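Open the model in your viewer and keep the selection panel at hand. The tour below goes stop by stop.

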Amino acid sequence: MTDLFSKFDPLIELRTNLLSQGQEDPFNLVMERVVSPTEAICNGRQTILLGTYNYMGMTFDPDVIEAGKQALDDFGAGTTGSRVLNGTYAGHRAVEEALKEFYGMDHAMVFSTGYQANLGIISTVAGKGDYIVLDIDSHASIWDGCKLGDAEVVPFKHNDIEAMDKRLGRIPEGAGKLVILEGVYSMLGDIAPLKEMIAVAKKHGAMVLVDEAHSMGFIGEHGRGVAEDQGVLDDVDFVIGTFSKSVGTVGGFCVSNHPKFEILRLVCRPYVFTASLPPSVVATAATSIRKLMHAGNKRAHLWENSKILHKGLTEAGFQLGTAEPQSAIIAVIMPDLEKGAAMWEALLKEGLYVNLARPPATPANMTLLRCSLCAEHTAEQVQTIIGMFQRAGKAVGIIG
Amino acid sequence: MDRAATAEKIAGIIEPFNKKGVEITEASTFAGDLEFDSLTVMDFVAAIEDEFDIIISMNQQAEIESYGQLIDAVVKLQG
């Protein structure tokens, strides 16, 4: 039968082949019970979680949970409305205040997801006739935002300052320019040379948007991200972030110092034409963000965990996405999808969950086992994880 | 630069990207005949952009399917 679904046939075939060999489905895992930020019962097994982006372990913080319960009691289960109509409660204002304080910026706008934050800000700021210059390894939400806004899209090679400079220099005079970068690139866990790149963008008169989804809470002195760490946060026009990683719930945001920023609330379609976050979610987010302002010890422990795991996996003979740990993401490069899926399953049977990432989400058609550490992982858990990787890697034949 | 000179330059640039040694005509398509994947497209477009000092945005790339269309686009973009 040929219909509109025929274009999915190659993917259906790939999955059928993979699963017909008895492989557990890497994209259909169910967590039956979540014990803590680092442990769950997955497909019936006690499992250490190493692929959740729950960097700061805020999901089970007692203050965060209490705030959510209180908001459920006081404000109900949902707002049933748009932020610009009946969907702005005291809690939505409060979480925007918390973000402004966290980043030390004048304006904050909260979206229902991180995906929508990129979709909304990019498509609204850069429209027809404007130019967007962006890293080729940008997240799907950034690409979709570019498409929605109808701007001219000009990608450059990952983290290549010279390639970016050349492209900016060729944009016709008078055209609006937006440069889009990420602090941490989530596939390989590498960071961007923001200091140099932002200087180049400013030289060409471009506005700069930086997605700090994978750095909020633990990179930079105040956990504001890679731009803060490299001393260039003041030169960033828009910081995009999410509540679904370090903050531990769901939602997205943009913070900015632009004097006209507030007008975006009226013209940004992914902000206007959707229901706002439930009161319990914004209450948990605000409480979590305020606690992250004073999380120096947790940050230090997360870095320790990342360094120990990176070293342990390197010594075990695995090929990693970065030579040195640059973030709390450690990507283990697999030879191909079949071996990657087999390794993923072997780890799951050992009692470890990691993300299996495959093309087209990955750069250079790589298959990756993506590990993201949590500040709540104990030093013992990290050692256990290294042991699991060694056994699984030998069983699957990835290491000798 | 006229069409003939542009075509000659592009012929030189595409050579290292044509790994299978496909015989290229103006009707050859990048996705079909040359089997360029997205990474090859990016590197190839970057090489063309740098050679002619132009920008071929992704919006414009979407309109360029064949080798002949690429030559036409580069001639036009040089103004």
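What follows is a walk through a predicted model, from the whole complex down to single residues and back out to the partner chain.

**Stop 1: the whole complex.** Show both chains. The predictor assigns the complex an ipTM of 0.91 and a pTM of 0.95.

**Stop 2: chain A.** Select chain A and colour by secondary structure. You should find 14 helices and 16 strands. Its radius of gyration is 21 Å, close to the 21 Å that the globule rule gives for 400 residues, so chain A is as compact as a globular protein of that length. A box along the principal axes, roughly 60 × 55 × 55 Å, holds the C-alpha atoms of chain A. Of the 400 residues in chain A, 52% are buried. Now look at its contacts between residues at least 6 apart in sequence: 73% of them join residues at least 24 apart.

**Stop 3: the two domains.** Colour 19-56 + 296-396 of chain A as domain 1, and 61-292 as domain 2. Domain 1 is thus written as two segments, domain 2 as one. Over C-alpha atoms, the centres of the two domains of chain A are 27 Å apart. Where they meet, domain 1 contributes 19 residues and domain 2 contributes 19 residues.

Stay on the domain 1 side of that contact. Select α12 (296-316) and β13 (329-334) of chain A; each supplies at least two residues there. β13(A) has the largest share, with 3 residues. By class, this side of domain 1 splits into 12 nonpolar, 6 polar and 1 charged.

**Stop 4: the nonpolar core.** Which residues have the most contacts inside the largest nonpolar core? Select A:I132 and A:V133; the core around them has 128 residues. Helix α11 (residues 279-292) of chain A gives the largest share, 7 residues. Both domain 1 and domain 2 of chain A give residues to this core, so it lies between them.

Zoom in on A:I132. Leave aside its neighbours within four places in sequence. What remains in contact is A:A126, A:C146, A:A151, A:V153, A:V154, A:L178 and A:I180. Show these as sticks. Keep A:V153 and A:V154 highlighted for the last stop.

**Stop 5: chain B.** Hide chain A. Chain B has 4 helices and 0 strands. Trace it from the N terminus and the order is α-α-α-α. Its average pLDDT is 93, and 100% of the residues score at least 70. A compact globule of 79 residues would have a radius of gyration near 12 Å, and the 11 Å of chain B agrees with that. The C-alpha box here is roughly 30 × 25 × 20 Å.

How many of the 79 residues of chain B count as buried? The share is 18%. For contacts in chain B between residues at least 6 apart in sequence, 56% join residues at least 24 apart. Next, select B:I10, B:Y67, B:L70 and B:I71. They are among the 5 residues of a second, separate core.

**Stop 6: where the chains touch.** Bring chain A back. The contact draws 12 residues from chain A and 10 residues from chain B. On the chain A side, select β6 (152-156) and α6 (161-169), the elements that give two or more residues. β6(A) gives the most, with 4 residues. Colour this side by class: 7 nonpolar, no polar and 5 charged residues.

Finally, compare β6 (152-156) of chain A with the residues highlighted at Stop 4. A:V153 and A:V154, contacts of A:I132, carry numbers inside that strand's range.

Methods. Residues are numbered from 1 along each chain as its sequence is written. Chains are lettered from A and ligands numbered from 1 in the order in which they are written. This is a predicted model: local features need pLDDT of at least 70, side-chain atom pairs count only at pLDDT 80 or more; totals for chains, interfaces and linings use all residues. Two residues are in contact if their C-beta atoms, placed from the backbone, lie within 7 Å. Ala, Val, Leu, Ile, Met, Phe, Trp, Tyr, Cys and Pro count as nonpolar, Asp, Glu, Lys and Arg as charged, and the others, Gly among them, as polar. pLDDT is the predictor's confidence in each residue, from 0 to 100. The radius of gyration is taken over C-alpha atoms; the globule rule is 2.2 Å times the number of residues to the power 0.38. A residue is buried if 20 or more other C-beta atoms lie within 10 Å of its own, exposed if 12 or fewer, and partly exposed in between; C-beta atoms are placed from the backbone. Domain bounds come from an automatic or database domain assignment. A nonpolar core is a set of buried Ala, Val, Leu, Ile, Met, Phe, Trp, Tyr and Cys residues joined through C-beta atoms within 7 Å.
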